[in-house]
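Q: I am new to this structure. Can you explain the terms as we go?

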Amino acid sequence: MDRPRQRMVNDQLVARGIHDGKVLAAMASVPRHLFVDSALASRAYHDCALPIGCGQTISQPYMVARMTELLELKETDRVLEIGTGCGYQTAVLSRICRRVYSIERIEALHNRARQNLRAARHANVMLKCGDGLLGWEEYAPYDAIIVTAGGFASDAWLQQLKPGGLLLLPEGEGGNHCLVRRRKLGRGWSEEYFDACTFVPLLEGVNHL
Ligand code: SAH
């Protein structure tokens, strides 16, 4: 699967302007085909999102790379991810920064991500099954928070971010989202808008499926 993965990096990422070498190296090394059902493995490097069960999806490779690049990560950073899904974005982040804390509200997906990440030997990842809208107070403050489901920012995230830290989320409702990046400043926030996109919804509470 090395060749399809390298082709994905060249044709879908570099060709569309992803240029951060750390992001490209992570996307070239994480085995995306191991994070989807084996029946879908042949499509793992296609230019699209794919189903991962429980009505959820693994994001298109470009969107994973774009969001990772927008976080401007350093190798000393500790990142909180809301929406573990199958754990693919988690794996990409974990190759770039010091530690990734990731929360998933659907128990079956949380368990699947744990298996996937163990198979891919990602030791600097901590997973939790819970409501990501509450953040993860225990390990706060974070250098960055990335949300991989669409909705509106929760106050808990803003509080759990370091000064100067970045919050990135697909903001909006009903599948009409826009990537928004907020930086926590001494007083208040700066705000930048990027790509229009469609994500599965950010939902409250835990689902013991
Ligand atoms: N980053 C994932 C994308 C998964 S889709 C991947 O690479 O596979 C988004 C995920 O966010 C779904 O699994 C959904 O269940 C989860 N989600 C939605 N609302 C949530 C919440 N409040 N807390 C935690 N996870 C949530």
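The questions below set values from the model against their definitions.

A: This is a predicted model, with local features needing pLDDT of at least 70, side-chain atom pairs counting only at pLDDT 80 or more, and totals for chains, interfaces and linings using all residues. Residues are numbered from 1 along each chain as its sequence is written, and side-chain values use heavy atoms, leaving out hydrogens and water.

Q: What makes a residue one of the 26 around the ligand?
A: One of its heavy atoms must lie within 4 Å of the ligand. Thr 57, Glu 104, Asp 131, Gly 132 and Leu 203 come nearest.

Q: Why is the pair of Leu 203 and the ligand called a polar contact?
A: A polar contact is a pair of N or O atoms within 3.5 Å; within protein, one must be able to donate a hydrogen and the other to accept it, and residues adjacent in sequence count only if both atoms are side-chain atoms. A backbone N or O atom of Leu 203 lies 2.6 Å from a ligand nitrogen, so the pair meets the distance rule. Cys 86 also qualifies, with a polar backbone atom 3.2 Å from a ligand oxygen. So does Thr 148, whose side-chain N or O atom is 3.3 Å from a ligand nitrogen.

Q: How much of the ligand's accessible area does the protein cover?
A: The protein covers 99% of the 580 Å² that the ligand has on its own. Such areas come from the Shrake-Rupley method with a 1.4 Å probe; for residues, only the protein chains shown count as cover.

Q: What makes Asp 195 and Arg 66 a salt bridge?
A: The rule asks for a side-chain nitrogen of Lys or Arg within 4 Å of a carboxyl oxygen of Asp or Glu. Here the closest N and O atoms are 2.9 Å apart, so the pair qualifies. Asp 195 is in strand 9 (residues 189–197) and Arg 66 in helix 3 (residues 61–70), so the pair ties together parts 129 residues apart in sequence. Helices (H or I, at least four residues) and strands (E, at least two) are DSSP runs, numbered from the N terminus. The rule gives 10 salt bridges.

Q: Where is Pro 141?
A: Pro 141 is in the loop between strand 5 (125–129) and strand 6 (142–147). A cis peptide bond joins Ala 140 to Pro 141, with omega about 5 degrees.
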